[in-house]
Amino acid sequence: MSVMSSMMRGARLLRSSAPLLTWPQSRRLASKQVKGQRKEQKKPNLKPKVDKQEVEIRQGMTAAALAAAMNRDFDHVVEALLNTPADLDSLRPDSVLEDSWIKEAVIRSGMKFRWAKLGESRERPNRDAQRRPPADPALLVSRPPVVTIMGHVDHGKTTLLDSLRKSQLVATEAGGITQHIGAFLVQLPTGERITFLDTPGHAAFSSMRARGAHATDIVVLVVAADDGVMNQTVESIQHAKNAKGRSGCHQAAPGCFEVLVLMFCLRPGPVPIIVAVNKCDKPQADPQRVKQELLAHGVVCEEFGGDVQAIHISALKGDNLQALAEATVALAEVLELKADPGGPVEAVLIESRTDKGKGPVTTVIVQRGMLRRGCVLVAGRCWAKVRFLFDENGCAVLEAAPSAVVQVVGWKELPSAGETVLEVESEQRAREVVEWRSHQAEQHKLLGEQSAIELKQQRHLEEYRREREPLAHLSWRQRRAALYRADKIRFSMRPSERTESDEPGLPLVIKGDVDGSVKTLLNILDGYDAQDECRLDVIHFGVGDVSENDVNMAATFGGSVYGFNVAASRGVTQLAARRGVALQLHRVIYQLVEQLRHELSSKLPPQRRCSTVGEATVLAIFTVSVGKKEVLVAGCRVQKGQLDRRLKFRLIRGRDTVWEGTVLTLKHHKDDVATAKAGMECGVSVDGEVDFSAGDVIECFEEQEVPRVTSWDPGF
């Protein structure tokens, strides 16, 4: 009974538990069905994918440029830059944005960006200033000639100019040589006016001579009658040949020399030449030899059947200067030099410098138009509104006609010597021209840098492939292990340690009184060809006196400051002494270069030089007992000099050096001696096992450290 009742309870329990077993499965099916229904409900509501707008960005974009690229207004850019480090209160449409702000504004606007490529940059309209077309011949008026005096150093160019203008420029020149290009207006006793350019004759100032030749109508070539044709004489001849004169309608005869051999050429060519043979008052003067030497350089004087007139003068005594002046005036009349005095000014910039009271000052020769106060000028990437005009004597003038030489004050920055000066309508136009020229220079620089980067990448790729080629058969694990072993030392060094170098070097800061002097120094340094001995780097250069910034920069790089015709205040000198910076200030160009060569030589490690003190011949070999040890002794006779025990010795057998080192003992008979002189017999024992043989030569030598001298030769 109890068994039956228990079975019935079990059956009821089984029936009641059956739904519980099937419930989880039905629940899962229900949930899947619901999820599927939800997905089906969402699919019709999905929006089609929209491509984001792509914005082309570049470095240095302004807020207005970014808004235009995004096709939005300026306020949108401001809203996009909220909650960023950008200073929105000072943000203007022309404000330049940082790269991170540009990208953030584009991303917040729901757009994507891409960097603009250099080749895809939009071309800007040409806003440069150009020379005017040739003027109507009816508007031209006569103008004074521009005459350049050229030749070798110390042949009397400046003395000649002093005699013509009754001045004493030679007495003011450092070292007795001309080191700047000078321009002067000279009125001859006959009333004619001539603008003279005085160029340096030293070998270092080649660029100044070339600049003078390109800005002239006539070249007067000076050659000393006692010296003859020299290096810079030949160079001046080449400048006169290559120059294109201001008139542009004639060519110069191939001659420019330091002999005031006044000669002028009537055949077509770039610049006509007047040559003068100077110093004819000296006893050793030989003008005939000078004219014969000129034949080798294409300068044929009249007495040899040529068309070049040669005049013998003495600039110091003033002999025959009138004939030189008459020849110059006659040549100017033949050339019919004329210019247009109206319209915008065109001029050539001869020299530029920085004046403490006036700021940037330039010396220009007017070629066209009338230069007046208030004119707006452009030269290179600089512009000026003329505030003052001064002549060569420092007197203020109101205007300057063609062929006049004036100093212009009012430049915003210092332009480079040799630039063409053009007048523009307004200051706004001047800024447009300067901005355009700066943009063009930047584009050329970027193209050059891009080419250098591509070349470096190509070289790196070639080197990479060359290094990996021997490891091509290895697995990547083996290749990685091999590369690690090969570069273990390089990889273990820190970046700062890898940049350090034990090679000697000399960083330089260059300062000059005028732009032409700085260019001359840079040209000299460009010819430095001893980088393998001592690295020479110009870290900064400029015009003006040495400043504290120059000293601090030199101290940062561990270099020196070289100044030409500039000064350093007491505070700057004291700062340089505290920071250990060498201030090298010179007024003569060759003294500065010599000091630079001396400092470069001091950076080089010394050379070890061996000098023979004495020689001895081995006569016999025997052994001597020293305690329990037997020592081999060479019996010698000193043939030359003396043997000094304190120095080093070498054993020479035939032509080979068998041993080198120091000796243990040096004895004469049984006495220890410090030296053994010629003719003495002595015994020599050395440290170590040395196989002496009769007939060997024992040489005593001394090692000395000799300072090295740089192999750089600037050429003068």
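## Working through a predicted model

Helix α14 lies across β20, β21 and β22 (560-564), and its direction makes about 170° with that of β21. Keep in mind that this is a predicted model. Let's build outwards from that helix, one exercise at a time.

**Exercise 1.** Work out which other helix packs on this sheet, and which strands that helix touches.

*Solution.* Start with α14, which runs at about 170° to β21. Now look for a second helix on the sheet: you'll find α15, residues 548-557. Helix α15 touches β20, β21, β22 and β23, and its direction makes about 165° with that of β21. Angles over 145 degrees count as roughly antiparallel, so that's the label for an angle of this kind.

**Exercise 2.** Write down the strand order of the sheet and find which strands stand at its edges.

*Solution.* Step one: read off the order, β21-β20-β22-β23, in an open sheet of four strands with parallel pairing. Step two: look for strands with a single partner. Those are β21 (535-543) and β23 (583-586), so each of them has one side left without a neighbour in the sheet. Step three: check the twist, which averages 20° from one strand to the next.

Now zoom in on one pair. Strand β20 (residues 505-512) pairs with β21 in the parallel sense, over eight bridges. To see the register, find Gly-512: across from this residue stands Val-543 in β21.

**Exercise 3.** Decide how α14 and α17 are oriented to each other: roughly parallel, roughly antiparallel, roughly perpendicular or oblique?

*Solution.* First get the geometry: α14 (residues 515-526) and α17 (residues 589-603) pack at an angle of about 40°, with 12 Å between their axes. Next, test the cut-offs: under 35 degrees would be roughly parallel, and 65 to 115 would be roughly perpendicular. The angle fits neither range, and therefore the two helices are oblique to each other. As for handedness, α14 and α17 make a right-handed crossing.

Who makes the contact? From α14 come Leu-521, Ile-524 and Leu-525, while α17 brings Ile-589, Leu-592, Val-593 and Leu-596. Sort them by class and you get seven nonpolar residues, no polar ones and no charged ones.

**Exercise 4.** Find out whether Leu-349 is buried or exposed.

*Solution.* Locate Leu-349 in strand β11, residues 346-355. Then take the relative accessibility of Leu-349, which is 0%. The cut-off for buried is under 20%, so Leu-349 counts as buried. Finally, look along the chain: Leu-349 and Ser-416 are 67 residues apart, yet their C-alpha atoms are separated by 7.9 Å.

**Exercise 5.** Take the positive phi values of Asn-83 and His-669, and find where each residue sits.

*Solution.* Begin with the general rule: most residues other than glycine have a negative phi. Asn-83 has a phi near 60°, a positive value, and it isn't a glycine. Asn-83 sits in the loop between α3 (74-80) and α4 (99-108), and is exposed, with a relative accessible area of 77%. His-669, also not a glycine, has a positive phi of about 60°. The place of His-669 is the loop between β28 (663-668) and β29 (671-672), and with a relative accessible area of 70% this residue is exposed.

**Exercise 6.** Step back and describe the whole protein in numbers.

*Solution.* Count the secondary structure: 17 helices and 32 strands. Then burial: 41% of the 716 residues count as buried. Last, take the contacts with a separation of 6 or more: 69% of them are between residues 24 or more positions apart.

Definitions and conventions: Residues are numbered from 1 along each chain as its sequence is written. This is a predicted model: local features need pLDDT of at least 70, side-chain atom pairs count only at pLDDT 80 or more; totals for chains, interfaces and linings use all residues. Side-chain values use heavy atoms; hydrogens and water are left out. Buried means under 20% relative accessible area, exposed over 50%, partly exposed in between (1.4 Å probe, protein chains only). Axes are lines fitted to C-alpha atoms, for helices over the stretch in contact, and angles run from 0 to 180 degrees between N-to-C directions. A crossing is left-handed if the near helix is turned anticlockwise from the far one by less than a right angle, and right-handed if clockwise. Contact means heavy atoms within 4.5 Å. Ala, Val, Leu, Ile, Met, Phe, Trp, Tyr, Cys and Pro count as nonpolar, Asp, Glu, Lys and Arg as charged, and the others, Gly among them, as polar. Two strands pair if DSSP finds at least two bridges between them.
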